[in-house]
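Student: Could you take a close look at one helix with me and show how its two sides differ in their surroundings? I'd enjoy one connected walk through it.

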Amino acid sequence: MILFSDAVFAIAITLLIIEIKFPELPEDHPGQVDLLKLFGPTLKGFLAFAVSFFFIGVSWARHLKMFRYLRAYDGRVIFLNLFSLFFIVT
């Protein structure tokens, strides 16, 4: 169960970065381009990624710490784990 949970955390973090793309330089630029205007949306996306990465990372660390004490699990524990992983992914 812990390996599955680790995989969900890893995939959630990976999916965060996929949508961040560098902007393309306009072909008809006059020589100078306003980099802040060009990279503004990318920087905002990267900031959102960094905050989300931190949140997921802290959640993962807490999850590992909590499940370190688990010796056996049943259907209820699996359901509660999946319920918590659902919120990590969303």
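**A helix and its core**

Tutor: Happy to! Let's start with a core residue: Ile56 touches Phe9, Ala12, Ile13, Leu16 and Ile88, leaving aside residues up to four places away in sequence. Keep in mind that this is a predicted model. One of those partners, Ile88, brings us to helix α3, which covers residues 75-89. With 15 residues at 1.5 Å each, α3 should span 21 Å, and its end C-alpha atoms are indeed 21 Å apart, so the expected and modelled spans agree.

Within α3, Asn81, Leu85 and Ile88 are buried. These residues cover an arc of only 45 degrees around the axis, so they sit on the same side of α3. The other side of the helix carries Gly75, Arg76 and Phe79, which are exposed. As for what lies over the buried residues, the cover includes α1 (2-18) and α2 (35-67).

Leu85 and Ile88 also belong to the largest nonpolar core, a set of seven residues whose other members are Val8, Phe9, Ala12, Ile13 and Ile56. Both α1 and α3 supply at least two residues of this core, and α1 gives the most, with four.

Finally, the record: an unreviewed UniProt entry places the feature "transmembrane region" at residues 43-61 and 73-89. In the model, residues 73-89 are 88% helix and 0% strand, with end C-alpha atoms 22 Å apart. Residues 43-61 are 100% helix and 0% strand, and their end C-alpha atoms lie 27 Å apart.

Conventions
Residues numbered from 1 in each chain as written. Predicted model: local features only at pLDDT ≥ 70, side-chain atom pairs only at ≥ 80, totals over all residues. Heavy atoms only, no water. Expected span 1.5 Å × (residues − 1). Buried < 20%, exposed > 50% of the residue type's maximum accessible area, 1.4 Å probe, protein only. Arc of directions from axis to C-beta. Contact = heavy atoms within 4.5 Å. Core = buried A, V, L, I, M, F, W, Y, C linked by side-chain atoms within 4.5 Å. UniProt positions renumbered as here; feature names shortened; annotations may be inferred.
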